[in-house]
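Visitor: Could you walk me through this one and explain the words you use?
Guide: Gladly, let us look together.

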There are 6 protein chains.
Amino acid sequence: MRPSGRAPDQMRAITIEPHFTRHAEGSVLIGFGDTRVLVTASVEERVPPFLRGKGQGWVTAEYGMLPRATHTRGSREAAKGKQSGRTQEIQRLIGRSLRAVTDMKLLGERQITLDCDVIQADGGTRTAAISGAWVALRLAVNTLMAQGKLAADPITQKVAAVSCGIYQGQPVLDLDYDEDSNADADGNFVLLGNGNIAEAQATAEHANYDEEALLRLLRLARIGCTEIFAAQDRATQ
Amino acid sequence: MRPSGRAPDQMRAITIEPHFTRHAEGSVLIGFGDTRVLVTASVEERVPPFLRGKGQGWVTAEYGMLPRATHTRGSREAAKGKQSGRTQEIQRLIGRSLRAVTDMKLLGERQITLDCDVIQADGGTRTAAISGAWVALRLAVNTLMAQGKLAADPITQKVAAVSCGIYQGQPVLDLDYDEDSNADADGNFVLLGNGNIAEAQATAEHANYDEEALLRLLRLARIGCTEIFAAQDRATQ
Amino acid sequence: MRPSGRAPDQMRAITIEPHFTRHAEGSVLIGFGDTRVLVTASVEERVPPFLRGKGQGWVTAEYGMLPRATHTRGSREAAKGKQSGRTQEIQRLIGRSLRAVTDMKLLGERQITLDCDVIQADGGTRTAAISGAWVALRLAVNTLMAQGKLAADPITQKVAAVSCGIYQGQPVLDLDYDEDSNADADGNFVLLGNGNIAEAQATAEHANYDEEALLRLLRLARIGCTEIFAAQDRATQ
Amino acid sequence: MRPSGRAPDQMRAITIEPHFTRHAEGSVLIGFGDTRVLVTASVEERVPPFLRGKGQGWVTAEYGMLPRATHTRGSREAAKGKQSGRTQEIQRLIGRSLRAVTDMKLLGERQITLDCDVIQADGGTRTAAISGAWVALRLAVNTLMAQGKLAADPITQKVAAVSCGIYQGQPVLDLDYDEDSNADADGNFVLLGNGNIAEAQATAEHANYDEEALLRLLRLARIGCTEIFAAQDRATQ
Amino acid sequence: MRPSGRAPDQMRAITIEPHFTRHAEGSVLIGFGDTRVLVTASVEERVPPFLRGKGQGWVTAEYGMLPRATHTRGSREAAKGKQSGRTQEIQRLIGRSLRAVTDMKLLGERQITLDCDVIQADGGTRTAAISGAWVALRLAVNTLMAQGKLAADPITQKVAAVSCGIYQGQPVLDLDYDEDSNADADGNFVLLGNGNIAEAQATAEHANYDEEALLRLLRLARIGCTEIFAAQDRATQ
Amino acid sequence: MRPSGRAPDQMRAITIEPHFTRHAEGSVLIGFGDTRVLVTASVEERVPPFLRGKGQGWVTAEYGMLPRATHTRGSREAAKGKQSGRTQEIQRLIGRSLRAVTDMKLLGERQITLDCDVIQADGGTRTAAISGAWVALRLAVNTLMAQGKLAADPITQKVAAVSCGIYQGQPVLDLDYDEDSNADADGNFVLLGNGNIAEAQATAEHANYDEEALLRLLRLARIGCTEIFAAQDRATQ
């Protein structure tokens, strides 16, 4: 039934290529099927003004989509002179998700910026970005620990994200572009290694949904994130 | 336990003052306690470029916060020259919520813009805005119908929104500013008159949460929205 | 002869509702007939860079018009990314007018910002804003004095403003929108409690005018401001 | 008493060099003493969108100050990415002043843009700009008439402007920078060839002023504009 | 003598990976050593306004650098709201270079946009971008020809670019970052398959240079471009 | 053969009017035929952030074109809110050229900004700007030396620039607008008093060119710059 022939609870192939670029303290190219996102983690020994002198760090994210990552070329945000509402919404979500698993006191007065740039888009770019950002963050923190700059590991647990939606009346996991653009409802779930929820968002697109549907989406998300956690482990060991 | 002395499932006083301004086709001043949002619905006999000639209408929203709606003065977005990510995220949510209850074919080739301006903020501005926007939309559509411009009512049902969160370990309904700024988790739920969900969002702030908590927040939201639906009915009859 | 049936030297009803919002140090909703402007006065314990360390304060103003304050919806300046020339011209006038009655040495190293937001427009928004801003400033200074932060009252006198114009060949006081959009000439006069002039501006629109006409407009302005001063007194006692 | 040694009712030397540049339909370099403004009039065979198809023309103005026209270098507005409130206020004033003497029906469906760029500033740049803009407009209209594009002369009369102010308690004409930066009050008067007023603006700076002072400033302005009218005549004959 | 141990006339390894992404009509990941640039060619069946109805096409380019392509993180141009002067200068150079080898009449009324995004930077990003852009353009035109949309091949010949400079007194080919940041002079040469020059630019950095040096840089550029042409051939056959 | 009747190696008349404005430390109006550029040099006793505390100075440039400097009116960059890519490219070139002849240690911790504003354009505005900027810089440094602020002269030699191109198959010197808009190739050469090259740029426009053509353009540039150097000497003695 799914355009890709996948089972309703089947993720696309997850690929994680750590150390994809050489300058960043952490970097990764993550793929959920044809969706590919390059994430770099940059460590800077300073914090934003509102945190100065408070003895704690900060984790933030920026998101971008290359103009021709998509089926038809989109305009370049740098040329237009502003980031779209969608871009800002996504980068705020990525930042919140990673801050949910970072102990800012242990990080100390430094900032880690996660740049998530979509090289190729086929649905689920924000969830791939969050999942990849955890790997880039993990690699950057490993670097800091190896340099003796951290007394203890500030990463408290894993975080991963996946989209789920109602497609032709059926809850399905990890929507690709064909499904995403025709879904009745879709959601993004950010889950933690301990099974808890960092963020749940589900939006009615062409049809509204009920509580039972919300729960079924959440359960699919658990299946997907379990698989992502395993891929994150393999990439960072 | 709540700073305001409210019970966990108790809404703040809901006040809805329809026809608050005179030029707009629909207008309302809505209050959730000390939060007060002015919403106007403006009808324009044109649609955005991507819809031209398709025989359907559009509903969109803009959101703003007066600089001194808050405890300390914020900078004016018009003077800074851009809308914050938060503003854009909220106005996208308001627009989606109202589109979920509008039949665009029945609306015809016209656009209704819902301007939501926060006069005074004490938590829950986006949910008050959505709830008030439905009233303004209802009034504007009533005007169009009275003018004979619509063959049938394009509003398919009611929509309302409320925030819920985990405050000091306890799920509570309709967070005010004191609660919102200290909540472990908070969420915004956009519910429909038929009991279905248009949008559910729940974010871990200081502590992540589990599936049971998500459900409890949703159930509180149902209590709150039932009360808002009643207030909407009173204001539009 | 006037569309409203008023006599040439008759003001519209002046309404002043002090303490309209609760967070600002001073706030007021002022009405000149159907024109309604919300003014808040915000005290900040810092001054702009050009005044730092000079032992004096500053008073400034910002002005905005809600998109549907007017007959047809205007675009939101925050969304367009810049303030219009008209907006900037008006907020500069408001700031100058209030600075004309403030002793900056007595105010000390703090800034008071007057935010003037037009809720509903029917002509004369800038003059209502100035007249209301004095009330908001008065209330904010009263608060500072009650807190013992000021050794002496920095407000030297009252200030009020009103528009006058030549409508169908006749000088009239306090133009509403119907008159304003058809006036041969119109002007804005900012007068002080001692009878002096802080600012006089008169512009030929459809017909130019002579010195005698300028004097007649000024004399009408004196009549209007006398009435506004009385309303300011009632609102701040 | 005046820093320049001038009598209170004495203008600075007025210099008008027509045809200063060769591409514009009209161009002039005007000087009021050390203040020098280059004004060009550009004719375009189109009107702004709000006037299309109405059988009438438009006159508008833009104003700029070269970064080092002033004693200390100011930042370049093109580099900052926006025009200051002062710039916009001035260019709106120039446009209004020239429209006051143009019959838009006789001009036909074309736009004349007056670009006023300050090469060197010593007070009174906006009044020199208005006075010079009339000459540039006159030259451009002469060109159109010589080309047979106009059936009748759309310029109805002359317009000129000059600043006046209260300096050390004394009303003086045509303030230079030293006077302008220390004046108790200053004003700009835009007068017509028939003796009427197009615009009068007078602002209290360090001291407010009374009706008698306003009249004395206006009378000085008449003296100055008479001299400017004569210079305009010489430059355009 | 060179930090990399290369001979003065030795290029870094050239890697060209065609079809790197799947949506674009042409795409390539090109590497000059550690410099890696992703170039996509997007075909749109429309031309810019200045070319409409003229029966010819257009080729243009945009350039961007991912924030952490470099040793230390740079700010994101989309977030800053404008493209730097350097970015604009580079994308203008890329566009000119590719237009120099395209017959716009044969291309017909369509536009090809070359998006050049630097994934990793180690000197020579603009020359790698030009060299890769030719491959992406070649692939996109091949697609159009296979679709029968072009009567004849609009690409007239190959184009490649390489940087050369004076490093420690010695002319060297294809500067990497270590060399580039310490060169006495450096230049970028855009050469055509027929041996002619599309663009030559050479700038004194720490020391100016003479005509003989300019010629030696140009001769090194010929050596480098010969190698790049061969790599372009291999990638497009 | 040239539209102006000039010989291939003939410059237009070079006019240099020093001290054109009075506030700037150095100022000049330079003309290459009908091209006229006003250049001012402004000294500020501070350096950009990246140089603070390093005991050296900085020279930078800004470039602008008055809207009606050209045949048809261009839009004002300050009104559009951004500088074009062309403007930025030119001002970067001017800054580099002047820095090539300034010893930053001898200049000390101060910045000199060269504002180059095109009053009238007829081709070659950037090369006239560079040639005039040297004069303005020379005058400003003379002022600093006369004030005893400099221990030694930081200007190491002269710099001048001229454009050359291939017009109707023939290399020609100092292109005017008619030639520039139809040239097969054109270039800008920035030469030093000692005969060396600060910058060479040559671009194929309608036809690409070979190494011999590049050398012929460079030799024409030497002829032109020799003449400009002489004019610079006359203007600064």
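Guide: We begin with a binding site and then turn to a pair of chains. This is a predicted model, in which local features need pLDDT of at least 70, side-chain atom pairs count only at pLDDT 80 or more, and totals for chains, interfaces and linings use all residues. Residues are numbered from 1 along each chain as its sequence is written, chains are lettered from A and ligands numbered from 1 in the order in which they are written, and side-chain values use heavy atoms, with hydrogens and water left out.

Visitor: Which residues does UniProt list for "binding site"?
Guide: The unreviewed UniProt entry lists A:R86, A:G124, A:T125 and A:R126. They are spread over 41 residues of sequence, yet they cluster in space, with a largest C-alpha distance of 13.3 Å. UniProt positions are given in the numbering used here, feature names are shortened, and annotations may be inferred rather than shown by experiment.

Visitor: Why is A:T125 called buried?
Guide: Buried means under 20% relative accessible area, exposed over 50%, and partly exposed in between (1.4 Å probe, protein chains only). A:T125 has 6% relative accessibility, so A:T125 counts as buried.

Visitor: And why is A:R86 called partly exposed?
Guide: The relative accessible area of A:R86 is 29%, so A:R86 is partly exposed.

Visitor: What makes the pair A:R86 and A:Y63 a polar contact?
Guide: A polar contact is a pair of N or O atoms within 3.5 Å; within protein, one must be able to donate a hydrogen and the other to accept it, and residues adjacent in sequence count only if both atoms are side-chain atoms. The side chains of A:R86 and A:Y63 make such a contact at 3.4 Å.

Visitor: How do you know that chain A and chain E are related as by a two-fold rotation axis?
Guide: Copies are superposed by least squares on the C-alpha atoms of residues with pLDDT of at least 70 in both. A rotation of 180 degrees with 0.0 Å of shift along its axis puts chain A on chain E, with RMSD 0.0 Å. The two copies are therefore related as by a two-fold rotation axis.

Visitor: What makes A:R73 and E:D115 a salt bridge?
Guide: A salt bridge is a side-chain nitrogen of Lys or Arg within 4 Å of a carboxyl oxygen of Asp or Glu. The side chains of A:R73 and E:D115 meet at 2.6 Å, N to O, in a salt bridge. The count between chain A and chain E is 14 salt bridges.
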